[in-house]
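Colleague: Could you take me through a close look at one part of this model, the place where the two chains touch? I'd like to know what each side brings to the contact.

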2 protein chains.
Amino acid sequence: MATEHSGGGDPVRSLALLWRTQDGPSSGRRGRSDLGVDRIVRAGIEIADAEGLAALSMRRVADHLGVGTMSLYTYVPGKAELIDVMLDTAYGETARPEPGATGWREQLTGIARENWALYHRHPWMLQVATGRAVLGPNAIAKYDYELGALTGLGLTDVEVDATLSLVLGHAEAAARRAVEAVQVEQRSGMTDEHWWRAHAPLLGQLVDPQRYPTATRVGAAAGQAHGSAHDPEHAFEFGLQRILDGIEALVAQR
Amino acid sequence: MATEHSGGGDPVRSLALLWRTQDGPSSGRRGRSDLGVDRIVRAGIEIADAEGLAALSMRRVADHLGVGTMSLYTYVPGKAELIDVMLDTAYGETARPEPGATGWREQLTGIARENWALYHRHPWMLQVATGRAVLGPNAIAKYDYELGALTGLGLTDVEVDATLSLVLGHAEAAARRAVEAVQVEQRSGMTDEHWWRAHAPLLGQLVDPQRYPTATRVGAAAGQAHGSAHDPEHAFEFGLQRILDGIEALVAQR
DNA sequence: CATTCTCCCGTACGGGGTACGGCGAAAGCG
DNA sequence: CGCTTTCGCCGTACCCCGTACGGGAGAATG
């Protein structure tokens, strides 16, 4: 399946849903099951966490709640909006410790790792094409907090925004590879090492080491060093250090 | 829809498909329509380019070729394998100019931009979760070429691999945002600016600028500077410079 | 008790991937 | 030239999806 999309529906309704304004259904009035946006969202996150975004269907959520499928549409306009709220809810989980006296480098490191961890807890977040940012309360609070690490360094507002975007983009890209590696092992029931051992002979016949000397050597070295084709966590930390060094050069020049 | 997955099927069959080994069907034998893996792949890429990965269905590909749906399965084991071949075919498009006397920094810049352009030509590539690399001839040639930019700098093989991964990851992450921004404008039929103008009032009621001063200020500044919420190309180039600076620090230290 | 409001949800439609099995034409052979 | 075998082709069917629509049921109100 291709990536889910967010938004799309009536923006007013979406914002009302995200901020839980409007005295929606069953606000103390009536309703036999204690259904509601929160329970639906929680169920959605549970399913997506456990079985991936592909397993998240309206029918599945409804079954999980012991409710008819179409009942969900009383509280949520559609699947896209449900995913929006799931996203904002997940953003709300990120820890946001007081910076204290730590420097920007430590703060950015913490932010990157927090996002890395978030994507590991909720891999399905990586399969949602947001396009337009989800403007929920938690998303905005998170953005505000993360910007805080870069204020007072002499950077312009535009530079601050681009720099944060760079760090978050790296966390996302690295997490994407890590998560995909885990998922492919689950789906195929095969360790990376096992898989390579099974394919190496055939691949050896196909690719000419003479023609691609660098690829074969580096690929082998990387695989050797990490016990598999790639060590995602090492790649994350390595990349983060390079990026922080690059930011440091920019800051020094201001 | 959630991300498509690659692989999954019989790996021997997949490799045979990617490398076009095996005297598959219609190799001069017979077949009324001149169907074949190549025509199927080309059709798949055309559809995905034009209408996105969501529009890519086996029925759609077959219709495009004037052929029954199930005929495709004579040449391709399934949709996942078709996408694998589509990916490797796209990798084959990347330009790989002789490095000449240019330095590593220029080479890496060229590689990053080439990948950025590739994702813009084929946005659907960003929606495929590869997990395990697609081991086709073009993918390997591309990997070998790109590694070439980082040899002879005194880095270890593991560092070379991680560094390339960092640069490619940035190109991918930046392209993802750029492409999603374009797509959301197409889907919603609304310019980013138009969209913000429509939501600003309502959002202004919801979020307290006192509580999130940094977010509102920086968000406004970034939007002002680029004429929209974000300028993806600027973000790409800005991030690339930071990353190259960070790599430079590593190289200098060797 | 009657009315009304509103949550709830059964049914149905158009789309998806692909397993299965049959059809018909070309290739190989005598 | 005719028979047999092979194999590309594909119609049908099954189970999944999101959700439009309209009816049913139960509680709050009068």
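Modeller: Happy to! In this predicted model, the contact draws 71 residues from chain A and 71 residues from chain B. On the side of chain A that touches chain B, at least two residues each come from β1 (4-5), α1 (11-19), α6 (137-148), α7 (157-188), α8 (192-206), α9 (213-226) and α10 (232-252). The most comes from α7(A), which gives 18 residues to that side. By character, the residues on this side of chain A are 40 nonpolar, 20 polar and eleven charged.

The partner chain uses the matching surface: 100% of the interface residues of chain A are also interface residues in chain B, so the copies meet through the same surface. The overall arrangement fits with that picture. A turn of 180 degrees, with a shift of 0.0 Å along the axis, lays chain A on chain B with an RMSD of 0.1 Å. The two copies are therefore related as by a two-fold rotation axis.

One of the contributing helices, α8(A), deserves a second glance. There is a kink of about 45 degrees in α8(A) at A:A200, shortly before the proline A:P201. Even so, the end C-alpha atoms of α8(A) are 20 Å apart, which agrees with the 21 Å that its 15 residues should span at 1.5 Å a residue.

As for confidence, chain A has a mean pLDDT of 90, with 93% of its residues at 70 or more. Among its elements, β1(A), which supplies residues to the contact, has the lowest mean pLDDT, 79. The highest, 98, belongs to helix α5 (residues 104-121) of chain A.

Conventions. Residues numbered from 1 in each chain as written. Chains lettered and ligands numbered in written order. Predicted model: local features only at pLDDT ≥ 70, side-chain atom pairs only at ≥ 80, totals over all residues. Contact = placed C-beta atoms within 7 Å. Helix = DSSP H or I, 4+ residues; strand = E, 2+ residues; numbered from the N terminus. Nonpolar A, V, L, I, M, F, W, Y, C, P; charged D, E, K, R; others polar. Expected span 1.5 Å × (residues − 1). Bend = angle between axes of the 7 residues up to and from the residue. pLDDT = per-residue confidence, 0-100. Least-squares fit on C-alpha atoms with pLDDT ≥ 70 in both.
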